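Please look at the sequence and the 3D structure shown here. The report that follows goes through some of the features in turn.

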Amino acid sequence: VDIPVIPDLEEVQEEDLAMQVAAPPSVQVNRVLTYHDLDKDLRKYAAFQTMDGEVDLKLLTKVLAPEHELREDDVSWNWDHLFTEVSSELVTEWDLGQSERED
């Protein structure tokens, strides 16, 4: 009967594991679909028209906004400007609330 033996620290230090490198995982990269491709697929395949075979999604697909309506230009935010703008709006709303209570 072989009894497992715990190795000594000196034996472990002799093994140079630092030079051993694990092989990287292989990942298959698929093409990322565009909004246009997704829109075509949504209308084309019946699988996208029902969910779990019970919920009818045709009504939803008719009212989905097209991509060009959803696109927004990138706007950089400046913290000082944004803070000042929001603070000003809050003070204005507070002043309007105060004047309505006084009337």
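Thr34 sits in the loop that connects helix H1 (9-14) to H2. The model is a predicted one. In this model Thr34 has a relative accessibility of 40%, so it counts as partly exposed. Along the sequence, Thr34 and Glu67 are 33 residues apart, while in space their C-alpha atoms are 10.0 Å apart.

Tyr35 belongs to helix H2, which covers residues 35-44. On the surface, Tyr35 forms a nonpolar patch with Leu33 and Leu38. Together these three residues have about 290 Å² of accessible area.

The chain as a whole has five helices and two strands. Their pattern along the sequence reads α-α-β-β-α-α-α. How much of the chain is made up of buried residues? Of the 103 residues, 3% are buried. The accessible surface of the chain is about 10800 Å², and carbon and sulfur atoms account for 57% of that surface.

Helix H5 takes in residues 79-102. Does its length agree or disagree with the span expected for a helix? With 24 residues at 1.5 Å a residue, H5 should span 34 Å, and its end C-alpha atoms lie 35 Å apart, so the two values agree. At the start of H5 there is a contact between a side chain and the backbone: a side-chain oxygen of Asn78 comes to within 2.9 Å of the backbone nitrogen of Asp80.

The structure contains one aromatic pair. Its partners are Trp79 and Phe83, with 5.7 Å from centre to centre and an angle of 35° between the planes. The pair counts as tilted, because this class holds the angles that are neither under 30 degrees nor over 60. Both Trp79 and Phe83 are part of helix H5, and they are four residues apart, about one turn of the helix. An α-helix has 3.6 residues a turn, so residues three or four places apart point the same way.

The table lists relative accessible areas for three aromatic residues.

| Residue | Relative accessible area | Class |
|---|---|---|
| Trp79 | 60% | exposed |
| Phe83 | 49% | partly exposed |
| Tyr35 | 49% | partly exposed |

Why is Trp79 classed as exposed? Its relative accessible area is 60%, and exposed means over 50%. Phe83, at 49%, is partly exposed, because that class lies between the limits of 20% and 50%.

Key
Residues are numbered from 1 along each chain as its sequence is written. This is a predicted model: local features need pLDDT of at least 70, side-chain atom pairs count only at pLDDT 80 or more; totals for chains, interfaces and linings use all residues. Side-chain values use heavy atoms; hydrogens and water are left out. Rings of Phe, Tyr and Trp (its six-membered ring) pair if their centres lie within 6.5 Å; planes under 30 degrees apart count as stacked, over 60 as edge-to-face and the rest as tilted. Buried means under 20% relative accessible area, exposed over 50%, partly exposed in between (1.4 Å probe, protein chains only). Accessible areas come from the Shrake-Rupley method with a 1.4 Å probe; for residues, only the protein chains shown count as cover. Patches are made of residues with over 30% relative accessible area and no salt bridge: like charges are joined within 9 Å, nonpolar side chains (Val, Leu, Ile, Met, Phe, Trp, Tyr) within 5 Å. A salt bridge is a side-chain nitrogen of Lys or Arg within 4 Å of a carboxyl oxygen of Asp or Glu. The expected span of a helix is 1.5 Å times one less than its number of residues. A polar contact is a pair of N or O atoms within 3.5 Å; within protein, one must be able to donate a hydrogen and the other to accept it, and residues adjacent in sequence count only if both atoms are side-chain atoms.
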